[in-house]
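Hello,

I am passing this structure on to you. Please look through it first; my notes on what was found follow below.

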Amino acid sequence: MLRIACPYCGERDQVEFTYGGDAASGFPALADADLDRWTDAVFIRDNPRGEHRELWQHQHGCRQWLYVVRDTVTHAIQSVVPARDASPAAGADGR
Amino acid sequence: MSEQTGRLDRGGRIDRSRPMSFVFDGRAYRGFFGDTLASALLANGVHLVGRSFKYHRPRGIYAAGVEEPNALVGLRQGGRHEPNVVATTVELFDGLEASSQHRWPSLDFDVMSVIDRFSRVFASGFYYKTFMGPFRGAWMFYEKFIRRAAGFGDPPLEPDPDRYEKGHAFCDVLVIGGGPSGLAAALAAGRSGARVVLVEDGAELGGALLSRPQGGDTDAWLASAVGELKGLPNVRLMTRTTVFGAYDNLVFGLLERVGDHLPVPAPDQPRQRYWILRARQAVLATGMLERPIVFGNNDLPGVMLASAGRSYVNRYAVIPGRSVVVFTNNDTAYGAALDLKAAGADVAVVDVRGAIGAELDRAVREAGIALHAGCAVARANGRKRVRNVEVCVFDAVRGRIGATKSRLPCDLLLVSGGWTPTLQLLGQRGAPLAYDDKRAMLIAGAVPAGYRVAGSAAGEPGVRQRVASGMRQGGAAAEACGYAPSPEPGVLPVRLPDEPAMTGIAPVAVIPDPPGAGYRKKFVDFQHDVGYDDIALALSEGYESIEHLKRYTTLGMAPDQGKTSSFNALAIAAQMLGRPIAAVGTTTFRPPYRPVSIGALAGAETGLHFKPTRRSPMHDLHARNGAVFITTGLWLRPWYYPMPGESIREAYVREADAVRKSVGMVDVSSLGKIDVQGPDAAEFLNRVYTNAFDTLPVGRARYGVMLRPDGIVIDDGTTSRLAEHHYFMTTTTAGAGAVMTFLEYLLQTAWPDLKVQVTSVTSQWAAIAVAGPRSRDLIASLVRDVDMENAAFPFMGVRQGHLGAIPVRLLRISFSGEMAYEIYAPAGCGETLWRAISDAGPAFDLVPYGIEALGALRIEKGHVAGAEIDGRTTLADMGLARMASKKKPFIGSALMQREGLLDAHRPQLVGLESASGDMALRAGAILCEPGRHQGHGIGFVSSVTYSPALGRHVALGFVSRGLSREGDVIDAVFPLRGEVTPVRVRSAHFVDPEGRRLNA
Ligand SMILES: [Zn+2]
């Protein structure tokens, strides 16, 4: 079981969190009607061996979405920051 | 009752003042407190304890601990029956009942042992080749026979009457193993102030020290170490507890056997407790297990590990044989030889090595033990017990064997093929093992961060070294947690004896057959009956990878997980392949190290406690009013309110009828409710709903639909604008959690710039829908501060006011198609609110209704619900295409334009009714063109009901191009029951399609 250090609550068990998927690509702008870009963002995922950027929600805690960098081989977590403070790659603006 | 013929008069760690009686296979025996079931059986001269899994060969007790491969028994009766219990780990209690397994009709005479004669037929890969190959059909025929013949034990058929618990624990240093190195590690860490948990599998601390003769220096050390540990408040000692799993981030799964050593658990105690323990550092002081040597008939009862022989004689005062041959490739077995000799047995040693150390040699001679150096046991003879062994001259270096030199008579053959450190937990973490040539053992390679290995698990040879290693690793672990090392880290409470080092070994795993002999019964994995020949066969067929070899032969895949067999299989494969052991590699280790009962993993989360139950604020009131409840998701909701003698059908028809004719009230508190506030609230809702919400005036509500980013509908509901920057959203009961999470996701990841807060207020508000032509009059009689007139408070209007003294939000919205209001009040006022409306009801012919009537009313209106919003349907599929705004983008607006989602042949929502007579329809039925009942058909039935308004059965469903097929008759097919019902396609709006009733 992973132990995830929530920036708001401290280190907690994985069971308090919900995996929220790949964080490498955010959504295109909402007004962007380009099917390919949306298809990429919604369906296409890398499956890296090693460092992986991903989202977790502290669902049974502060309910904050977190941006986590985790190694897919060792499961070691390198960093956990609030998703709203993460790099632009975590999400695009909606316009 | 028989005598304990194998019991010594004195010694051992048993309590002779506490005799215990027990029953094995219907016969009564006696033992003592401190015995295991295995030691008590041996004390009574019982060696034959089971039949083997595949060939039904007679098997005896082979070990004295957790590694035991043969002595699996069924324990207890009825609901407490447990199969596959390892007899060497069962603490004897008075009245214990056990039975042998894999035999019929009796252990002594087993019909299936005939398989042994035809064992060629059942060779490795037999199942695979016979049943997965071209004759796969054979499996269907033989499966029952084979499963009965080869099953592992019998499961209990009654519910388990015992309780189980789950616990959570934390510590700085977890020490796994209560032997000399574990105790030392706990002492070193404990003295420095670290929070220590020491976990020991057995009932007693001491590990291998308990198998040494009593009363020596090691016992004094043990007493002093345990005494000091018990006095440290920061050290927790957990006996009868197994660490069965090592997970990420130093999280461990522990199984504490609280009541397994008792006939039934103590009244206030669970039987077992599953602990989830988080440590900061872990010290593996898990010891090591002795390995067998593979030779002919090496599975005969009376053949046993040397360490087990030593354990039985010293710990349990049981002499498992009077005429003993010790067969070894290493020094450690001499400890057993000397102790058995001292206990009065005749002992001879057969050692594959040409010579042994001078000190050991002298000890053997002084004890009067005959030594056959440079020899090997090629085969054991006997039927249900070993009678003699064939000894041959053996060259351990070249692996060459001579003809049989002599037959040594014996009733016990102790075997030692060397030792394997217990590193399964490291293996579970993916840590590599390294082969150490000198010690002929697999030791830890790179140790993962946070882990340390101490004592014999690290290959340390003697007690002194093991204690010192424990001290070192325990101290270092505490230091890594930030504790200063204890002032005198290396000091032991009591001096330990100097002992001759027992480190010599010749790495021999298998004895070749003597010239001219061909012994086929040379077992590597006793528990799964995998032999030397099976490994040879697998390799010859190309299964050379150790992982493939394992799967092909099933070696190491039995409940014991290959504790005594894995290493030998590896060594044999390496030898056959002509590769070094290191190059062959090891198989993956996975939890659990020992079997864990499902009961322990479930803990108290069974039955009603499996999931939480959510109740509305008015639940108790409904119960008092005679409601029948139904579970929907986590919620317990009123299903219907039967009058005396009414059936469910009669009740809900009456309830729905009242809604259409007068007025009804229903508890809708389970609806998801989300408070949306902030300057960007309007913009936010515009993005998440397919329709516009910025244009919604304050004081109005609007029906909204949300899509997933992929263009599929996720949920629907009504959202009200309470103020410029304040909206009140409702979701479906089932969708509440997912919608909340989705909104948080969007706000925190995609649009952190939006100034919006969302808060789940589902539990904060009680909600009642009042529906029917007289709903307005009823509410107007109770609400004084809101103008209820149609013009002042039109359909989709929202007002805040008071119902009596209760502050309420009134929404004029409808799910039933009737004029209706939803009334929201603080949850604590829920009961008062229900009572107030209910008390005013008689004058308006008010009837409470449940969700059966609610469902019927919405189906009559063609409103979609969970059965239609099933994660596969689009707006257009449900006839809601007009809900998609063309003026603004929204989540899903791009991908709802995908080709597949625009396909004109997609199933569309329609109404359905029986085409001949009034037949009930089935949800889930497949819709097909008449007579063409193939494949997926052209759609399916989603919701069904008997319509009280129409007086006949109706349904909603999806039909390819359904909107253009009104009037067509198609078939509703339900293959599970062989039913075909012709149905007519029609509009989904069965009642009041113009919606006149809403706006009245
Ligand atoms: Zn948190």
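Chain B and chain A bury about 2600 Å² between them, and carbon and sulfur atoms give 58% of that area. Note that this is a predicted model, so every value here is computed from predicted coordinates. The contact draws 33 residues from chain B and 30 residues from chain A.

For polar interactions, 9 residue pairs are in polar contact between chain B and chain A, counting pairs with both residues at pLDDT 80 or more. On the chain B side, the elements that give two or more residues are strand E8 (164-176), strand E13 (272-284), helix H19 (681-688) and helix H20 (736-750). H20 of chain B supplies the largest share of that side, with 9 residues. Sorted by class, the side of chain B that touches chain A consists of 18 nonpolar, 7 polar and 8 charged residues.

The rule also finds 2 salt bridges across this interface. One of the salt bridges found joins the side chains of A:Arg63 and B:Glu744, at 2.8 Å from N to O.

Then there is the zinc ion. Its ligating atoms are SG of A:Cys6, SG of A:Cys9, ND1 of A:His58 and SG of A:Cys62, at 2.0 to 2.3 Å. The arrangement is tetrahedral because the 4 donor atoms subtend angles of 106 to 115 degrees around the zinc ion. Along the chain, the donors follow the spacing C-x2-C-x48-H-x3-C. A:Cys6 lies in strand E1 (residues 3-6) of chain A and A:Cys62 in the loop between strand E4 (51-57) and strand E5 (65-71) of chain A, so this pair ties together parts that are 56 residues apart in sequence.

Regards

Key
Residues numbered from 1 in each chain as written. Chains lettered and ligands numbered in written order. Predicted model: local features only at pLDDT ≥ 70, side-chain atom pairs only at ≥ 80, totals over all residues. Heavy atoms only, no water. Contact = heavy atoms within 4.5 Å. Buried area = accessible area lost by both parts, 1.4 Å probe. Salt bridge = Lys/Arg side-chain N within 4 Å of Asp/Glu carboxyl O. Polar contact = N/O pair within 3.5 Å; in protein donor to acceptor, adjacent residues only side chain to side chain. Helix = DSSP H or I, 4+ residues; strand = E, 2+ residues; numbered from the N terminus. Nonpolar A, V, L, I, M, F, W, Y, C, P; charged D, E, K, R; others polar. Donors = N, O, S within 2.8 Å, 3.2 Å for Na, K, Ca; no water. Tetrahedral: all angles 85-135°; square planar, octahedral: opposite > 155°, others 65-115°.
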